[in-house]
Amino acid sequence: MECKFVPSVCSYCGTGCGVIFQVLDGKLVGTLPMKTHPVNEGKLCIKGWNLHEYVNSFLRLKYPLVKTFGRFIKVRWDEALQITADRFKEIIETHGPDSVGVLVSAKITNEENYLAQKFTRAVIGTNNVDHCARL
Amino acid sequence: MKNKIKEWLKSGQIDIFLGYKTLQGHPLPHAFGKDNLEDIDTLITGSNYYPLEKIATKLVAEKPDIKIGMITQDHSQRALNVLYIWNQLDPENIKPLKGDGCSSNLKEHADDSHREAGKSGQFKKQFGMNTHASIEEAEIFAQQERFQRWMYEFQKCIKCYGCRNICPVCFCKQCSLEHSNLIGTGSLPPEAPIYHLVRAVHMAGRCIDCGLCEEACPADIPLRLLYRKVNAIVTELFDYETGSRLDQSPFSIIGESITLKLKPIAAA
Amino acid sequence: MTNSITEIEDAGCIFVIGSNTTACHPLIARRIYRAKEKGAKLIVADPRNIQLSRFADVAVNHRLGSDVALLNGMMHIIIRNAWHARDYIADRTERFEDLQSVVAAYPPDKVSAITGVSAENLERMAKLYATNPPAALIYAMGITQHTTGVDNVKSCCNLAMLCGNVGIASGGVNPLRGQNNVQGACDMGGLPNVFTGYQPVSDPDVNKKFSRAWRKNLSDKPGMTITDMVPAMLDGRLKALYVIGENPKLSDPDWNHFNHALKNLEFLVVQEIFLSETAQVADVVLPAASAAEKDGTFTNSERRCMRIHKAVEPVGKALADWQIISKLSTVMGYPMEYNSPEEIFDEMAALTPKSYAGMTYERLGLNGLQWPCPDREHPGTPYLHKNQFIQGKGKFHGIEYKDPAELPTDEYPYFLTTGRMFAHYHTGTMTRISPHLDIEQRTGYVSIHPEDADKLAVKNGDPLILSSRRGEMEAPARVTPSVTPGTLFLPIHFGENPTNVLTNAEAFDPLAKIPEFKVSAVNIKKLRA
Ligand code: SF4
Ligand code: SF4
Ligand code: SF4
């Protein structure tokens, strides 16, 4: 049996409260406020207290999907990545890199945002990268 | 003490030991297992930070045969007693290791050291309820004023449900606080004072005065004082101090109804 | 935020404008409560009666979109009474005259006429703010989501500098970020014109540095913002879009418009944790890990970069976004071989000298560090502009008030504003499937004042049809005095009542490109059963 307490940060708003995820046998079973965290000092709002719930939702995406004739079909990662890469390359070749745009997110980590803009700038070759926080 | 825990784990008397361990300067709850006995050397003791009894209840619900060792300070022993009485936990599942240090006034010389001194600001003292007030101090105010002061406190509530979520003895599957016929949903603050009174009433004969709810309250509402008052009434009427003994609570659930046993007149 | 969350507790005065803090940033609201209880003065200016208004020394409902006028009016009074920080202004700022000449034309009676706030309340607000230092100004999307968003922000800065509140503990100008890592996304260069740490793509030295580090010649031409991308999709300049962790179909200001734009794309890739509204129309959907399923860092509103730790394995075949991007990049012929987010962090920190350079995972620990943190010994920066503004002198801007793009007319007589409610987050993809949050609020609604409700004979729960120049939608009424007569409020979280059917995409701030979500003109009708 595995029972763990993993410190993390709430991702439901820009306050950034410290939380502890309670893990039982590889499954998230609860969220607790971190008592000694400088931001929230052991308190959370309703969203923070229920942070683990969306992670376990049955609605989570579990496989890469590709739309064929208007319907999604499950594919393997290598297929999904190959299709994506080919389409991007094709569009870049015919219309130039500035015909591609990337929207990064306020929900993903710093590292991932860094990589996403690096990908846009170095791999696609455009500065068309923005986040949705204006919205 | 640490050797004893190692013993217990090695001999299979317990499956895990629930305690605390410091991670990068922060004391966090930690489950010590038999696979890594050296780990026990990092166990820290002292204060109640997290509702370990509640975590234990959750674990037992998932794994009915589990044996959990834990340090039982006074309030935590009281929490366990309440959970036993209400059939949420079986004493078979818990192996207590006596500890001390308690922040409750149910015990003489309570250790309040981990709680911030002078927590209540001037304004709060003037218009709200002083967090550190005793029941007697809170009763100095005339009824009307007292009500207004409590209402000031309740208006701050951000409906986080933290008071319920962290409480070691809150275990109802269907929480009345989420009953939309009782308390309106979707707006802030929650309906005052009903939201808080519903919880207070439900804590009668259950609250073991651990103070975790108040510490978890983002609005600094002196919840503990509120529940103490409710419990004082229970003590007065029923001669029952919550969690202090293992015999039946005056609130025993038989089917759907709750019966109360008044204390003998002679004892009053 | 120029200052830190904990510092708010020790402010002498807190001015909250355009932020429903107890609902949207509850753990910041906590600090406001505590400040108040320690004796701070509290001013709340919001078009609605929010929970914080109940605790305010002065609470006003200024007319939607009249923020600049309100702030200019306060500054007018402050200067007239000589409550401004003259030494501070002389030493640390420039172009005070610009401000002075503009706000001179905003006497209380005029401001009162524009904002609907009484002259008496204006005087009280100005006095409380100016005479109880340090004063912290707190705002959120109620300030930024306007055609005059940048003007609003500049006016906030004007006010704070006027009273010497920038560069001191417990003061400052404190925008609260709506989404958890907006700060980080911007810091990391998730913007069309800058690399990490706001280093301009057009700066030759910077561009050379990144080109060398990434072994690729990089474009120095700033790219398109999302607001530019939509018309570009419509006229065919933008052919492909890669959306990572966002649901713009629901968050874009004009649903119809955006829908058209998406249909025009040749290729849409969406990387998400749920099959969001946007993912449903994608050509390829890549399943991403949630925040509990990966390592990394987030940066909160107070610039505190904090570690998140992987607690569980991703569901199904989902992968962390950093892994997906690395793999995709590798397939496209640009190998990215990172073993962990820590390696990515170190690469980023090395390229971001002024703000993140001093951070390592080890140093972050569980408390995190607040940037700027330029070197390994630097303890981080709780508040900005201490002793000196980062840009040298603080610059005042004389800002004239402009009406919002839409004002109520005979045909559309109501003001509509949008926002969040306490139990949900953004477009609701994460919170609405969370049982305990769903219980709190299952459906969308529109808040309407009892007076207006009476006029239309509308009761709580009656379905209403809302229409604007762009479209119409239906939502049940919630009759509540939390809105003022003539104003309606719609929460943004509910896909079946999409607010962006009504809001105005044509109207956005010319500089920040932030759409005016906070003001549109609508009409309401009772839906007959
Ligand atoms: S717990 Fe609430 S206040 Fe804290 S970060 Fe999460 S959503 Fe924000
Ligand atoms: S003090 Fe609060 S948390 Fe502790 S038992 Fe009583 S109600 Fe529950
Ligand atoms: S913890 Fe405090 S703020 Fe949260 S629901 Fe309970 S009383 Fe309200």
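These legends walk through several close-up views of a predicted model.

**Figure 1. Ligand 1 sits among residues of chains A and C.**
Start with the chain A side: the neighbours here include Cys10(A), Tyr12(A), Cys13(A), Thr15(A), Gly16(A) and Cys17(A). Chain A also brings in Leu44(A), Cys45(A), Lys47(A) and Gly48(A). Now look for Pro26(C) and Leu27(C), which come from chain C. Because residues from both chains surround ligand 1, the site is shared between chains A and C. Two helices each give two or more residues to this shell: H1 (46–49) of chain A and H2 (26–38) of chain C. Sort the shell by class and you get 8 nonpolar, 3 polar and 1 charged residue.

**Figure 2. Ligand 2 has a shell of chain B residues.**
Which residues are around ligand 2? Along the chain, you meet Cys167(B), Pro168(B) and Val169(B), then Arg199(B) and Met203(B). Next come Cys207(B), Ile208(B), Asp209(B), Cys210(B), Gly211(B) and Cys213(B), and Tyr227(B) completes the list. By class, this shell splits into 9 nonpolar, 1 polar and 2 charged residues.

**Figure 3. Chain A meets chain C.**
Here, 93 residues of chain A are in contact with 145 residues of chain C. Together the two chains bury about 10,300 Å², with 65% of that on carbon and sulfur atoms. How many salt bridges link chain A and chain C? The count is 6. One to look for joins Lys294(C) to Glu112(A), where the closest N and O atoms are 2.8 Å apart. There are also 53 residue pairs in polar contact across this interface. If you sort the chain A side by class, there are 49 nonpolar, 25 polar and 19 charged residues.

**Figure 4. Chain B meets chain C.**
In this view, 28 residues of chain B touch 25 residues of chain C. The buried area comes to about 2,200 Å², and carbon and sulfur atoms give 53% of it. Between these chains you can count 4 salt bridges. Take Asp220(B) and Arg30(C): their side chains meet in a salt bridge, at 3.3 Å from N to O. The polar contacts number 12 residue pairs. On the chain B side, strand S2 (26–33), helix H4 (122–127) and helix H6 (143–155) each give two or more residues. Helix H4(B) gives the most, with 3 residues. Overall, the chain B side has 12 nonpolar, 8 polar and 8 charged residues.

**Figure 5. A salt bridge joins Asp25(A) to Lys63(B).**
Side chains of opposite charge can pair when their charged atoms come close. In this view, the partners are Asp25(A) and Lys63(B), at 2.7 Å from N to O. Where do the two ends of this pair lie? Asp25(A) is in the loop between strand S2 (18–24) and strand S3 (27–33) of chain A. Lys63(B) is in the loop between helix H2 (52–62) and strand S4 (68–72) of chain B, so the pair crosses between chains. Zoom out to the whole model, and the count comes to 41 salt bridges over all chains.

**Figure 6. Domain 1 of chain C touches domain 3 of chain C.**
Chain C is divided into domain 1 (6–176), domain 2 (182–370) and domain 3 (414–526). This view picks out domains 1 and 3, whose C-alpha centres are separated by 26 Å. The contact brings 19 residues of domain 1 up against 24 residues of domain 3. Between them, about 1,700 Å² is buried, and 63% of it comes from carbon and sulfur atoms. Are there salt bridges to find here, and how many? The rule finds 0 across this interface, but it does find 4 residue pairs in polar contact. On the domain 1 side, helix H1 (21–24), helix H8 (141–144) and helix H9 (149–162) each supply at least two residues. That side has 6 nonpolar, 10 polar and 3 charged residues.

**Figure 7. Chain A has its own set of domains.**
Follow chain A along and you pass through domain 1 (3–56), domain 2 (62–95) and domain 3 (97–135). The C-alpha centres of domain 1 and domain 3 of chain A lie 28 Å apart.

Methods: Residues numbered from 1 in each chain as written. Chains lettered and ligands numbered in written order. Predicted model: local features only at pLDDT ≥ 70, side-chain atom pairs only at ≥ 80, totals over all residues. Heavy atoms only, no water. Near = heavy atom within 4 Å. Helix = DSSP H or I, 4+ residues; strand = E, 2+ residues; numbered from the N terminus. Nonpolar A, V, L, I, M, F, W, Y, C, P; charged D, E, K, R; others polar. Domains from an automatic or database assignment. Contact = heavy atoms within 4.5 Å. Buried area = accessible area lost by both parts, 1.4 Å probe. Polar contact = N/O pair within 3.5 Å; in protein donor to acceptor, adjacent residues only side chain to side chain.
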